[in-house]
Amino acid sequence: MSLTAETRTDAATGAAESPWWRQAAVYQIYPRSFADSDGDGIGDIRGVTSRADYLAELGVDAVWLSPFYPSELADGGYDVADYRDVDPRLGTLDDFDEMLAALHARGIRVVVDIVPNHTSDQHAWFQEALAAGRGSAARERYIFREGRGEDGAEPPADWESVFGGPAWERVADGQWYFHNFAKEQPDLNWDNPEVRADFVKTLRFWADRGVDGFRIDVAHMLTKDLTEPLPSRAELDALPFDGNHPLIDRDDVHDIYAEWRRVFDEYDPPRSAVAEAWVDSSRVPLYARPESLGQAFNFDLLQADFDAAEFRRIVTDNLTLAAASRSSSTWVLSNHDVVRHATRYGLPPLGREHRGRGAEKQGAAWLRAGGPESALDREGGVRRAVAASMFLLALPGSAYIYQGEELGLHEVADIGAGERQDPTFFRTEGEEVGRDGCRVPLPWQSEGSSFGFGADGAHLPQPEWFGSFAVDAQAGRSGSVLELYRRALRLRHELQTDEQLEWIETGRDDVLHFRRPNGWEVVTNFGTEPYPLDRSIVVLSSAGDAAGTVPGESTVWLHTSAQG
Ligand code: GLC
């Protein structure tokens, strides 16, 4: 079977012309935890600039920065108080321009995060809405309602927020507002033309500065049908996600993206966008169409076990879906919302049962199982993670790498309650530990203050073992995870010349083998028994010296022209 994703052809010359993002390796930076240039314990924009050479040496094509905008940090920056500025703790717009220039000078594109579903409650609009009172135009930008019951003391509906707890919050004058996430993140009213116009202004603001693309946060939640009477939570839960659900994945959200697409296409080259849309796979192509955002995250691998059959099905399905939308697929194993994949793959079975959308639940299950050190197979987790990553980096489409995964970094589980920051932890009263464990500041040096993250401490505690994963402990050391990523990312530029993949049958349930038409082949052994190769020249192996086999839990890259 051969699967093809579209590469556009230039009508005049017939030459294949592929937009940069279709097969880009994109490195996700969580700015507050990447590198701290001023020693306040919080990573910043200048910190990113100071590591531009590191990113270039790693060999990534683009970076995606999670929000760096002014924020009260009720949700790690996804509560934005001003969409067109930099948080003073992270720097200034001048710092941003400098960073952009430094990355562009090294051939690295820059993608920023747009959070359109909600603002921070500190945003000028929300403050104005509180002050202006019921019935005002300012309240119309959000979703305000009267409560139920005689004195309106009951919320308009019994809905629950994504982070746990009620989804409606009462304000001083007695009205209620709707928030899908934390109460500090009031949802915007996307029926309001002013809201629509303001986001176009924000997109232009960053595109005009030279930003190459956008990652659209919870792209499937913006539009709502809140016609009275509002359904109950039970009624809501029983409704299908067919494009008409009152809150999720509504067809009318694409009117917004059609307008944005026109804006993106005014630029040369057109600005790219990728949707974060946790929707049924059958509906992902709607977001990935060229008329909509152009690309969408596929989170299937991130939710899968380290399992050959699961991986093969996911790859086949997603290449088909991407082709159907005339986009390319995206591949992700880790991000700032889930337990790092080295840890997921090292968890005992108890933990592995708790994966999926609430992958952070794994952390809780893991803690309850007796603590990280006793329950986690650290080495096995990294071995499997690296094998999976090398498989992913060779797939057609764009690959997303979350900061620290190139070090084989594990989740940090033992963060004290007093040091936790994620609203999930607080809103579930600790029942779910939340996402802080994958957001701990990176170790750059094996010793010294905050392992080289900054001059004076880190905003989340780094454990002792972080030192052994540090960049300086791995750089230049053959066989290290970092050097493997560097090599793979360099070779990837030769490998990603087409968007096709053909499976080769291996006769083993636990071994996958695929070929790209340009001669590259990839074999991943998900089992523990070595898999013999019928040729001897291996270009890259996640297990070091492969000696004519693919060792258990490893990936090799082969090239036919390199055959002995
Ligand atoms: C997305 C982000 C997540 C954030 C949420 C609300 O899922 O990835 O970090 O908490 O949106 O903005």
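**Stop 1: the ligand**

Start by selecting the ligand in this predicted model, along with the 14 residues around it. Which of them come nearest? Asp 75, Asp 217, Glu 276, His 336 and Asp 337 do. Colour the shell by class and you'll get seven charged residues, three polar ones and four nonpolar ones.

Now show side chains and look at some distances. Pick Asp 217: one of its polar side-chain atoms sits 2.8 Å from an oxygen atom of the ligand. Move on to His 118, where a polar side-chain atom is 2.9 Å from a ligand oxygen. Then click His 336, whose side chain has an N or O atom 2.9 Å from an oxygen atom of the ligand. How much of the ligand's accessible area does the protein cover? On its own the ligand has 310 Å² of accessible area, and the protein covers 99% of that.

**Stop 2: the second largest pocket**

Next, select Gly 479, Leu 484, Ser 541, Ser 542 and Gly 544. Of the 18 residues lining the second largest pocket, these lie nearest its centre. The pocket's volume is about 410 Å³. To see which elements give two or more residues to its lining, highlight helix H14 (378–393), helix H17 (481–495) and strand E16 (540–541). Sort the lining by class and you'll find eight nonpolar, six polar and four charged residues.

**Stop 3: the largest cavity**

How many cavities of 30 Å³ or more turn up in a search of the whole structure? There are six. Head for the largest cavity, with a volume of about 90 Å³. Select Val 284, Ala 296, Asn 318, Ala 322 and Ser 329, which lie nearest its centre among the 13 lining residues. Two elements to colour here are helix H8 (284–288) and helix H9 (308–324), as each gives two or more residues to the lining. By class, the lining of this cavity has seven polar residues, six nonpolar ones and no charged ones.

**Stop 4: a three-stranded sheet**

Switch to cartoon view and find the open sheet of three strands, in the order E5-E7-E6 with antiparallel pairing. Which strands are at the edges? They are strand E5 (144–145) and strand E6 (168–170), each pairing on one side only. Now zoom in on E6 and strand E7 (residues 176–178), which run antiparallel and are joined by three bridges. For one bridge pair, select Arg 170 and its partner in E7, Trp 176.

**Stop 5: some backbone oddities**

Before you click, here's the background: most peptide bonds are trans, and most residues other than glycine have a negative phi.

First, go to the loop between strand E8 (213–216) and helix H6 (233–238), where you'll find Pro 229. Is the bond from Glu 228 to Pro 229 cis or trans? That peptide bond is cis, with omega near -5°.

Next, jump to Pro 269, in the loop between helix H7 (253–264) and strand E9 (272–275). The peptide bond leading from Asp 268 to Pro 269 is cis, and its omega is near -5°.

For your last selection, pick Asp 249 in the loop between H6 and H7. Is its phi positive or negative? The phi of Asp 249 is positive, near 55°, and this residue isn't a glycine.

Notes:
Residues are numbered from 1 along each chain as its sequence is written. This is a predicted model: local features need pLDDT of at least 70, side-chain atom pairs count only at pLDDT 80 or more; totals for chains, interfaces and linings use all residues. Side-chain values use heavy atoms; hydrogens and water are left out. A residue is near a molecule or strand if one of its heavy atoms lies within 4 Å of it. A polar contact is a pair of N or O atoms within 3.5 Å; within protein, one must be able to donate a hydrogen and the other to accept it, and residues adjacent in sequence count only if both atoms are side-chain atoms. Accessible areas come from the Shrake-Rupley method with a 1.4 Å probe; for residues, only the protein chains shown count as cover. Ala, Val, Leu, Ile, Met, Phe, Trp, Tyr, Cys and Pro count as nonpolar, Asp, Glu, Lys and Arg as charged, and the others, Gly among them, as polar. On a 1 Å grid over the protein atoms alone, a cavity is a set of points where a 1.4 Å probe fits but cannot get out, and a pocket is an open set with protein on both sides within 12 Å along at least five of seven lines; lining residues have an atom within 4 Å of a point. Grid points are joined across faces, edges and corners, and a volume is the space filled by probe spheres set on the points. Helices (H or I, at least four residues) and strands (E, at least two) are DSSP runs, numbered from the N terminus. Two strands pair if DSSP finds at least two bridges between them.
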